[in-house]
Amino acid sequence: MFLVNQKRKPASSVLLQPKRPLSSHSRRWRIALYSHDTMGLGHKRRNLLIAQTLGAAKLDADILLISGMRDASDLPTPSGVDSLTLPALHKRADGQYEARRMGMALEDIIRLRSQIILAAVQNFQPDVLIVDNVPRGAVRELDATLEYVRLSNLQESSHTTRCILGLRDILDTPDKVKKDWQRSDNIEAIRRYYDTIWVYGDPNVYDLRREYQFPFDITTKMRPLGYLDQRARLNYVNPAVRANLERLALPTDTDIILCVVGGGQDGTALAKAFAASTLPANATGVLLTGPFMPADVQQYLYAQAEQNPQLRIIDYLEEPTLLIERASRVISMGGYNTTCEILSFQKPALIVPRVTPRLEQWIRTDHLQKQGLVDLLHPEHVNAEAISHWLQQPVTTSRKDISINLKGLDNLLIELQKQLLIAQAPPLPHAS
């Protein structure tokens with residue numbers, strides 16, 4: 001049985017199912033993407049964009065999204081892409097995990113999620129498994145699956161499953177990453193299970209290979225791909241979602257100042273400050289609260305909007321990138337995807353990064369501010385006056401000389417094709 005924080009199982013405890021014989025073009029490629037999705041929408045949205053890109057790339061592939069967000073299956077995907085939703089986990093402000101909706105104990109829900117993931121991989125038999133950001137999954141729920149893949153690959157077979165770890169540009173402070181990775185035994189897991197590591201960032205902004213001082217054998221597996229250009233999301237927006245945006249009847253003759261707070265569970269202070277700020281005369285403020293904003297806070301914000309004709313509240317939009325594209329300025333938290341959207345559309349932005357339980361957002365925003373690409377406000381200084389002051393500043397109108405590498409999706413396709421070729425290659429003969 002899979003238990004929380006248990007040691008690795010011996011090889012004999014992982015059930016191996018025989019691999020299906022695979023000749024050169026006997027079936028479509030199979031690609032699985034896992035994201036644990038315990039805090040906000042970022043992991044799911046990153047994997048969804050990757051799946052959409054792969055599905056549209058004419059790879060002749062079936063792509064399975066294994067996600068902890070139940071709405072992943074409701075979002076637009078090309079033919080060949082489908083979703084498996086895990087029972088939801090939630091990460092509290094103190095960094096501890098718990099079931100998001102059910103009353104199950106943590107050990108029980110992790111055991112359930114682990115067994116679902118293992119069964120999916122055993123039956124789907126992916127040629128490539130891409131894991132988002134957490135080498136062993138939430139609370140080590142991937143251990144059984146990774147060990148199954150490793151042992152299965154050791155069997156004589158006409159193909160193997162290539163395991164890829166996808167990392168954000170920034171994880172946390174170097175000291176915190178060192179402690180966390182030692183506690184989770186991530187380095188050994190990467191050595192044992194992963195063939196390569198994709199880094200969704202630009203080392204000219206932050207080079208995690210150098211900053212985190214990973215061992216040489218780990219850094220040699222790393223491939224910095226560049227940031228993921230979020231404009232690609234607009235290629236996959238279905239007409240119904242665009243119609244939902246049009247039904248909001250946002251004005252077209254004024255500037256749109258957009259405030260986004262991710263999933264909303266920790267965006268209360270920024271949302272309230274924006275709702276109480278003084279907007280420029282010829283502007284409409286649009287606040288996207290996110291699906292996890294507490295109900296009492298949403299009620300407060302709607303009451304504010306009733307008293308302010310310049311303010312609009314939207315609780316959820318299937319594709320928030322549509323609002324980023326339309327906005328003249330953006331105020332946001334500092335999550336990876338939102339920051340990439342700001343860079344992709346070259347929007348003037350004030351970013352208020354999260355500083356707990358990790359400093360990832362602060363580090364990213366600080367480095368981008370030093371390059372003159374965004375403005376930065378510490379969350380302790382968030383109030384209506386600070387937001388109003390920023391809104392009264394002149395808008396930077398030209399950022400065409402942006403030097404950030406945004407070709408992460410293009411480079412990902414190139415790297416994936418290399419991994420598929422390796423997965424298809426016949427196994428080396430065993431020594432007699």
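Trainee: Leaving aside its neighbours within four places in sequence, which residues is Phe-214 in contact with?

Mentor: In this predicted model, Phe-214 is in contact with Leu-171, Val-177, Trp-181, Ile-187, Leu-208, Arg-209, Thr-219 and Met-222. Each of these has heavy atoms within 4.5 Å of Phe-214. Phe-214 is also listed among the residues with the most contacts inside the largest nonpolar core, together with Ile-31, Leu-54, Tyr-194 and Tyr-200. That core has 102 residues, and helix α2 (residues 106-124) gives the most to it, with 7 residues.

Trainee: What does the second, separate core include?

Mentor: The second core has 26 residues, including Cys-259, Ala-271, Ala-283 and Leu-301. Ala-271 is also one of the buried residues of helix α9 (residues 268-276), alongside Leu-270, Ala-273, Phe-274 and Ala-275. The cover over these α9 residues includes β10 (255-260), β11, α10, β12, β13 and α14 (384-391).

Trainee: Why is Tyr-206 called buried?

Mentor: The cut-off for a buried residue is under 20% relative accessible area. Tyr-206 has 7%, and therefore it is buried. Tyr-212 has 8%, so the label holds for Tyr-212 as well. Over the whole protein, buried residues make up 57% of the 432 residues.

Trainee: What makes the aromatic pair of Tyr-206 and Tyr-212 tilted?

Mentor: Two rings pair if their centres lie within 6.5 Å, and planes that are neither under 30 degrees nor over 60 degrees apart count as tilted. Tyr-206 and Tyr-212 lie 5.9 Å centre to centre, with 55° between the planes, and therefore form a tilted pair.

Trainee: Why is the pair of Tyr-212 and Phe-214 called edge-to-face?

Mentor: Their ring centres are 5.7 Å apart and their planes stand at 65°, which is over 60 degrees, so the pair is edge-to-face. Both residues, Tyr-212 and Phe-214, are buried. Ring pairs link these two with Trp-181 and Tyr-206 into a cluster, and the count of aromatic pairs comes to 4.

Trainee: How do you know that Lys-272 lies over the face of Tyr-300?

Mentor: The distance condition is within 6 Å of the ring centre, and the charge must also be within 35 degrees of the ring normal. Lys-272 is at 5.1 Å from the centre of the Tyr-300 ring and is assigned to its face. Arg-329 likewise lies over the face of Trp-390, at 5.3 Å from the ring centre.

Trainee: How do you know that strands β13 and β14 pair?

Mentor: Pairing requires at least two bridges. Strand β13 (residues 329-332) and strand β14 (residues 349-351) have 3 bridges, in the parallel sense, and therefore pair. In one of the bridges, Ser-332 has Ile-351 in β14 as its partner.

Trainee: What makes β12 and β15 the edge strands?

Mentor: Each of them, β12 (311-314) and β15 (375-376), pairs on one side only. They end an open sheet of 6 strands in the order β12-β11-β10-β13-β14-β15, with parallel pairing. Helix α10 (residues 295-307) lies across β11 (283-288) and β12, and runs at about 150° to β12.

Methods: Residues numbered from 1 in each chain as written. Predicted model: local features only at pLDDT ≥ 70, side-chain atom pairs only at ≥ 80, totals over all residues. Heavy atoms only, no water. Helix = DSSP H or I, 4+ residues; strand = E, 2+ residues; numbered from the N terminus. Axes fitted to C-alpha atoms, helices over the stretch in contact; angles between N-to-C directions. Buried < 20%, exposed > 50% of the residue type's maximum accessible area, 1.4 Å probe, protein only. Phe/Tyr/Trp six-rings, centres within 6.5 Å; stacked < 30°, edge-to-face > 60°. Core = buried A, V, L, I, M, F, W, Y, C linked by side-chain atoms within 4.5 Å.
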